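Biologist: I would like to learn how to read this model feature by feature. Could we take it step by step?

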Amino acid sequence: MTTAEMLILKGSHLAPYMQLATLLIGKTREGGGNMFRHQLDTMAVLIDYGYIEPVLLKAAIIHDVLEDIMNFNHNLILNADYEGHDVYNLVREVTRIPGEAKVEFLTRIKSTGSHNAKVLKVADRISNMISLGFVNNPEFVRRYTDETENYVFPIAKEVDNNMLTELGSLVDSRRRYLEDFPKKIAEAHEIDSTNFL
C-alpha cells in the first residue's frame, strides 16, 4: 500500500460504521461463521485487492444490516457521517428487495448495479465462499457454488480479474470438497462405530 493510499485509509473514519455493524454480533450465517465478522471480512477482501475508497469500505462494513436486522433504522446510516447518504445508497444496491429471488438479485446487480456495487458483491461472495469450507451441508455448498459460477463470475469478470481468479479457486476447492464428502462421511461412521466396540 502506498503512502497516499494509507492516508486515504487513515482518513476514512470507519468507526461509526463498525459501531452499526456490532448490531450483527451473535447473528449466525447459513454459510458458516457470524454476520458481524462477515462484514469485516468483506471489507478486508476489498483492502486486500487495493480498494480503499471510503464509501465502498464503509458500505462493506454494514452491507447486510438492512437485510438482516429487523426494523433497522436507516437514518443511522444516513447520519453516521458526511458520506452517510452515499453509503446508504450503495448498501441499498447490494440489498435484496423483499420477495426478490437470489437469481433476480444477482442479475439486477450485474445489469444495473454501479461499479462499486459490483465490486462489493464480488468481495462479499469471496468472503461467503471462504466460509463454505466450514459447512457440512453438501446440497447448500453445491447450490451456492453453482450460483457463484453462473451469476457472480460474470460480475467479477466485469470488475476485477484477480478477484475472479480467487473465486475460481474457491469454486474448485468447494467442488473437490463435494467429491470427497461421501468418503468423509463413511470415515466418520467408521470412527463412530469403533468407539462403541
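Biologist: How many residues of helix α4 (residues 54-61) are buried?

Modeller: Eight of its eight residues are buried, in a model that is predicted. The helix is mostly covered. Its buried residues are Pro54, Val55, Leu56, Leu57, Lys58, Ala59, Ala60 and Ile61.

Biologist: What covers the buried residues of α4?

Modeller: The cover includes α1 (3-10), α2 (15-21), α3 (35-48), α7 (84-93) and α9.

Biologist: Let us step back to the whole fold. How many helices and strands does the protein have?

Modeller: The count is 11 helices and zero strands. Along the sequence the pattern reads α-α-α-α-α-α-α-α-α-α-α.

Biologist: What share of the residues counts as buried?

Modeller: Of 197 residues, 45% count as buried. The exposed surface of the protein is about 10,600 Å², and carbon and sulfur atoms supply 54% of it.

Biologist: Which contacts in the protein join residues at least 24 apart?

Modeller: Take contacts between residues at least 6 apart in sequence; 66% of them join residues at least 24 apart.

Biologist: Now the interior. How many residues has the largest nonpolar core, and which have the most contacts inside it?

Modeller: That core has 55 residues. Leu46, Ile62, Ile77, Val87, Leu120, Val122 and Leu167 have the most contacts inside it. Helix α10 gives the most to this core, with eight residues.

Biologist: Pick Ile62. What is Ile62 in contact with, leaving aside neighbours within four places in sequence?

Modeller: Ile62 contacts Tyr17, Leu20, Ala21, Gln39, Ile77, Val87 and Val91. Two of these names, Ile77 and Val87, also appear among the core residues with the most contacts.

Biologist: Next, helix packing. How are two packed helices described?

Modeller: By the angle between their axes and the distance between the axes. Here, α9 (residues 115-131) and α10 (residues 138-159) pack at an angle of about 145°. Their axes lie 9 Å apart. The crossing is left-handed.

Biologist: Which residues make the contact?

Modeller: From α9 come His115, Lys118, Val119, Val122, Arg125, Asn128 and Met129. From α10 come Tyr144, Thr145, Glu147, Thr148, Val152, Ile155, Ala156, Glu158 and Val159. By type, the contact residues divide into eight nonpolar, four polar and four charged.

Biologist: Ser127 is in α9 too. Is Ser127 buried or exposed?

Modeller: The cut-off for buried is under 20% relative accessible area. Ser127 has 3%, so Ser127 is buried. Not counting residues up to four places away in sequence, Ser127 touches His38, Asp41 and Thr42.

Biologist: Try the same reading on Gly168 in helix α11. Why does Gly168 count as buried?

Modeller: Its relative accessible area is 18%, under the 20% cut-off, so Gly168 is buried. The C-alpha atoms of Gly168 and Glu149 are separated by 7.9 Å. Along the chain these two residues are 19 residues apart.

Biologist: Glu179 also lies in α11 (residues 161-195). Is Glu179 buried or exposed?

Modeller: Exposed means over 50%. Glu179 has 62% relative accessibility, so Glu179 counts as exposed.

Biologist: And how far are the C-alpha atoms of Glu179 and Pro138 separated?

Modeller: By 9.6 Å, with their positions 41 residues apart along the chain counted as the separation.

How values were computed: Residues are numbered from 1 along each chain as its sequence is written. This is a predicted model: local features need pLDDT of at least 70, side-chain atom pairs count only at pLDDT 80 or more; totals for chains, interfaces and linings use all residues. Side-chain values use heavy atoms; hydrogens and water are left out. Helices (H or I, at least four residues) and strands (E, at least two) are DSSP runs, numbered from the N terminus. Buried means under 20% relative accessible area, exposed over 50%, partly exposed in between (1.4 Å probe, protein chains only). Axes are lines fitted to C-alpha atoms, for helices over the stretch in contact, and angles run from 0 to 180 degrees between N-to-C directions. A crossing is left-handed if the near helix is turned anticlockwise from the far one by less than a right angle, and right-handed if clockwise. Contact means heavy atoms within 4.5 Å. Ala, Val, Leu, Ile, Met, Phe, Trp, Tyr, Cys and Pro count as nonpolar, Asp, Glu, Lys and Arg as charged, and the others, Gly among them, as polar. Accessible areas come from the Shrake-Rupley method with a 1.4 Å probe; for residues, only the protein chains shown count as cover. A nonpolar core is a set of buried Ala, Val, Leu, Ile, Met, Phe, Trp, Tyr and Cys residues joined through side-chain atoms within 4.5 Å.
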